[in-house]
Amino acid sequence: RSGTIGKAKEHLEQTALALDHKLRDAVGGAAYVSVNKGLVTQASSAIPVVPLYISILYKLMKAKGTHEGTAAQIRRLFETHLGPGRTPALDAAGRIRIDDWEMEPDIQRDVLRIWGEVTTDTLFTLTDYAGFKREFRSLFGFEVPGVDYAQPVETDVPLD
């Protein structure tokens, strides 16, 4: 929490608390911080070692049947914490922890074990690096299912 990302998280939590007070007083609303599972994003992909962690995590969670992509995770957030009639479960710091399946002790234990076993030769067998790479490429429009990249695309389209 002492680096740049940690300071940004502190600011986010302070802002959520301030917004929560304003919303409660004004309209009976609320503001929360949600701690989400490690996901393939442009930002997470740029942080050293995070792609390896996510690749191991995805392999384990897919095998266990608990892997969620971004949309599925946000759907669970609303279904279990924020939807109508729901009261969010909060941790001691007042955050919604939607990273709960990622942080299960058996998952984290196995991530640590595999981390020590991964080599250049075992990267594709011990991790889901291929899946990580596919998701990363899809962020930029590559390897998107259902897109025929052989079809011509009009690139000069006038705007009204």
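Start by selecting the largest nonpolar core, which has 15 residues; those with the most contacts inside it are Ile54, Ile56, Leu57, Leu60, Ile107 and Val111. A nonpolar core here is a set of buried Ala, Val, Leu, Ile, Met, Phe, Trp, Tyr and Cys residues joined through side-chain atoms within 4.5 Å. Buried means under 20% relative accessible area, exposed means over 50%, and partly exposed lies in between (1.4 Å probe, protein chains only). Colour α3 (50-64) and α5, the elements that give two or more residues to this core. The most comes from α3, with seven residues. Helices (H or I, at least four residues) and strands (E, at least two) are DSSP runs, numbered from the N terminus.

This is a predicted model, in which local features need pLDDT of at least 70 and side-chain atom pairs count only at pLDDT 80 or more, while totals for chains, interfaces and linings use all residues. Residues are numbered from 1 along each chain as its sequence is written, and side-chain values use heavy atoms, with hydrogens and water left out.

Next, select Ile54. Apart from neighbours within four places in sequence, Ile54 is in contact (heavy atoms within 4.5 Å) with Gly38, Leu39, Val40, Ser44 and Phe132.

Move to Glu102, in the loop between β2 (96-97) and α5 (105-117). What is the nearest side chain of opposite charge to Glu102? It is Lys37, 6.8 Å away, and the buried Glu102 has no salt bridge. For charge, Lys and Arg count as positive and Asp and Glu as negative; His and the chain ends are not counted. A salt bridge is a side-chain nitrogen of Lys or Arg within 4 Å of a carboxyl oxygen of Asp or Glu. Beyond neighbours within four places in sequence, the contacts of Glu102 include Asn36, Lys37, Gly38, Tyr53 and Leu57.

Now select Gln73 in helix α4. Is Gln73 buried or exposed? Gln73 is buried, because its relative accessible area is 0%. With neighbours within four places left aside, Gln73 is in contact with Asn36, Lys37, Leu39, Glu68 and Ile98.

Turn to the salt bridges, of which the count is 16. Show Asp128 and Lys62, whose closest N and O atoms are 2.5 Å apart. Asp128 lies in the loop between α6 (123-126) and α7 (129-139) and Lys62 in helix α3, so this pair ties together parts that are 66 residues apart in sequence. Asp128 counts as buried at 13% relative accessibility, whereas Lys62 counts as partly exposed at 39%.

Then show Lys64 and Asp106, which meet in a salt bridge (2.9 Å, N to O). Lys64 is in helix α3 and Asp106 in helix α5, so the pair ties together parts that are 42 residues apart in sequence. Lys64 is partly exposed, with a relative accessible area of 39%, and Asp106 is partly exposed at 26%.

A further pair to show is Glu143 and Arg137, joined by a salt bridge (2.5 Å, N to O). After that, select Glu13, Asp91, Arg95, Arg97 and Asp99, which are joined into one network by salt bridges that share partners.

Finish at the surface with Tyr32, Ile74, Phe78, Leu82 and Leu90. These form a nonpolar patch with about 410 Å² of accessible area together. Patches are made of residues with over 30% relative accessible area and no salt bridge: like charges are joined within 9 Å, nonpolar side chains (Val, Leu, Ile, Met, Phe, Trp, Tyr) within 5 Å. Within the patch, Leu82 belongs to helix α4 (residues 70-82) and counts as partly exposed at 32% relative accessibility.

Notes: Areas by Shrake-Rupley, 256 points an atom, 1.4 Å probe, with all protein chains shown as cover.
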